[in-house]
Amino acid sequence: MRIGVVGMGAAGCRAAMLLRERGHTPFLFEARPRVGGRLQTVEAGNGFYEAGGEWIDRDNTRIIALLRQFKQEPHPTQSWPGWVWYGGERSDERTLWPDVLEDAARIDETADLMASDLEEVPWDNVTEFATDQKSLSKFLDEQCRSRRGRWWQEATQRSDEGDDTDQISLLGWLCGRMNYDGRDEGDMSAFRFPQGAQRFCEKMVEGISIRHGAILERVEREAGEVNLYFQDHRESFDRVILTLPPPALRRIVFDPGLSEDKEAAIAECRMSRTIKISLRFRHAFWEDLGWPGRGMSDGPIQQFWNASRGDCAVINLYIGGTDALGWLDQADPIREACRELDGLLPGALESLSGGDVYNWIDDPYAGGSFSHLAPGYALGPMQAFSRPESGLHFAGEHTSLWTGYIEGALESAERAVKEILE
Ligand SMILES: Cc1cc2nc3c(=O)[nH]c(=O)nc-3n(C[C@H](O)[C@H](O)[C@H](O)COP(=O)(O)OP(=O)(O)OC[C@H]3O[C@@H](n4cnc5c(N)ncnc54)[C@H](O)[C@@H]3O)c2cc1C
């Protein structure tokens with residue numbers, strides 16, 4: 001069986017690895033000059049930092065098992081509880097403020113109660129039409145009694161979802177939350193990739209040749225064959241796994257067209273809007289301040305952390321949602337971000353040596369940071385995304401039940417390979 005895999009992010013790499021383990025030699029294609037997709041490791045000084053996904057939660061069992069198989073022990077993070085700034089006051093993630101804790105406890109209780117009636121698979125909740133149509137933001141507005149508590153909810157949920165909560169369906173959020181059942185404080189973002197996230201992907205496809213610069217444009221299916229048309233050549237396969245994110249899939253011409261509900265899933269799957277800014281410093285100036293290494297603020301730089309791995313001094317920060325769109329219009333978005341940081345961690349501006357913006361929203365092969373379940377999507381076309389269609393199999397985080405996560409990308413690869421081999 002001739003099998004092609006298009007897209008060498010975490011999903012494509014894992015699919016290739018599994019196919020090889022089962023005795024197949026898959027043909028691999030990738031538009032970019034590197035593997036990893038939304039996992040991108042950047043060398044800095046004698047160390048590195050991550051420009052894309054970087055955190056591993058304690059219950060991401062697939063990632064952790066693979067890292068151990070590669071003799072790479074997950075790198076523990078010790079930055080919890082981070083510092084939190086609101087209205088010029090500073091607290092930390094453990095103590096926070098009483099009004100914030102009260103709102104958080106109420107939301108947890110209500111969400112647990114609502115989730116107890118739900119099925120884990122979002123589209124199985126067929127009677128929950130209203131919950132699917134409702135935004136997470138509306139739910140949080142109803143539940144929060146303090147302005148500060150509402151801000152904290154927005155900040156933490158936006159960090160998880162990658163976008164403002166008015167973009168997220170309440171049903172989608174409740175179902176995703178079930179993945180977190182039984183988590184303790186600090187389980188989230190408990191580890192990082194010891195040798196970088198990109199290296200993790202490279203390891204999965206070690207020894208398999210990859211055609212880089214292969215930009216898929218057209219897929220034709222005829223007489224049991226799948227013909228892939230890249231910018232400069234054509235290839236034929238019995239089976240193909242497509243791992244392209246939804247915005248990239250929207251640009252592919254399918255002939256004959258895909259089923260109506262698959263087309264709808266591709267069209268309606270929304271991507272979160274997050275930019276990542278990496279600030280490089282001459283030295284780790286924050287060590288003198290006693291900062292534990294992560295922070296959240298009610299200012300424009302919503303979330304930031306010590307991203308240095310090895311011998312470099314880097315702080316990564318996220319700006320997500322509507323705020324992300326305007327940030328890059330400034331004359332010097334990097335310096336502006338550092339100026340904001342300096343207001344929270346004095347010494348940042350003086351020590352700044354450079355920086356980079358990773359704009360995943362406008363990246364042609366990503367189109368956003370990761371997918372989320374927008375209102376109406378879970379009970380709408382979501383279910384159709386992962387379904388195979390004569391010779392074509394769909395993988396990638398957006399086709400999984402760990403939507404948005406590296407763990408989801410791996411899960412989707414397992415499913416797609418199983419579909420082919422069965
Ligand atoms: C800033 C940021 C932070 C994140 N943080 C985390 C985190 O901490 N933890 C976590 O679990 N997840 C995180 N994520 C999400 C995580 O990175 C993704 O869910 C995961 O990497 C997606 O893998 P994938 O294989 O599904 O897709 P991708 O990695 O996007 O792979 C798809 C591949 O297809 C290629 N491609 C696209 N179009 C074409 C074409 N026409 N022809 C050929 N190839 C094409 C792309 O170049 C890409 O390599 C983050 C993402 C971002 C952007």
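In this predicted model, strands β7 and β8 form a hairpin with two residues between them, and Gly87 in the turn has a positive phi of about 55°. The two strands, β7 at residues 83–86 and β8 at residues 89–92, run antiparallel and are joined by four bridges. Within this pairing, Trp83 stands opposite Asp92 of β8. Strand β7 has another partner in β18 (residues 294–297), to which three bridges join it in the parallel sense. Trp83 takes part here as well, with Gly295 as its bridge partner in β18. Trp83 thus appears in both pairings, facing Asp92 in β8 and Gly295 in β18.

Just ahead of this strand, Trp80 sits in the loop between β6 (75–76) and β7. Is Trp80 buried, exposed or partly exposed? It counts as partly exposed because 17 C-beta neighbours lie inside 10 Å, whereas a buried residue would need 20 or more and an exposed one 12 or fewer. Once neighbours within four places in sequence are set aside, the contacts of Trp80 are Glu93, Glu185 and Gly186. Of these, Glu93 is 13 residues from Trp80 in sequence, with a C-alpha to C-alpha separation of 7.5 Å.

A second hairpin is built from β11 (residues 216–222) and β12 (residues 225–230), which pair in the antiparallel sense over six bridges. Leu216 has Phe230 as its bridge partner in β12. Two residues lie between the strands of this hairpin, and Ala223 takes a positive phi near 50°. Strand β11 also pairs with β15 (residues 253–255), this time in the parallel sense and over three bridges. In that pairing, Glu220 stands opposite Asp255 of β15.

Elsewhere, three strands make up an open sheet with antiparallel pairing, in the order β3-β4-β20. Its edges are β3 (41–44) and β20 (309–311), each of which pairs on one side only. From one strand to the next, the twist averages 25°. Four bridges connect β3 with β4 (residues 46–50), again in the antiparallel sense, and they include the pairing of Val42 with Tyr49 in β4.

On the level of the whole chain, the domain assignment gives three segments of interest. Domain 1 covers 3–39 + 195–271 + 372–421, domain 2 covers 70–94 + 186–192 + 274–360, and domain 3 covers 98–178. The centres of domain 1 and domain 3, taken over C-alpha atoms, are separated by 30 Å. Their contact takes 14 residues from domain 1 and 19 residues from domain 3. On the side of domain 1 that touches domain 3, eight residues are nonpolar, five are polar and one is charged.

Where does the ligand lie with respect to domain 1 and domain 2? Both domains give residues to the shell around the ligand, so it lies between them. There are 39 residues around the ligand, and Gly7, Gly9, Ala11, Gly37 and Gly53 come nearest. By residue class, the shell divides into 21 nonpolar, 11 polar and seven charged residues. Several elements supply at least two shell residues each, namely α1 (10–21), β2 (27–30), β17 (274–281) and α14 (406–421).

Terms used. Residues numbered from 1 in each chain as written. Predicted model: local features only at pLDDT ≥ 70, side-chain atom pairs only at ≥ 80, totals over all residues. Pairing = 2+ DSSP bridges. Axes fitted to C-alpha atoms, helices over the stretch in contact; angles between N-to-C directions. Near = placed C-beta within 6 Å. Nonpolar A, V, L, I, M, F, W, Y, C, P; charged D, E, K, R; others polar. Domains from an automatic or database assignment. Contact = placed C-beta atoms within 7 Å.
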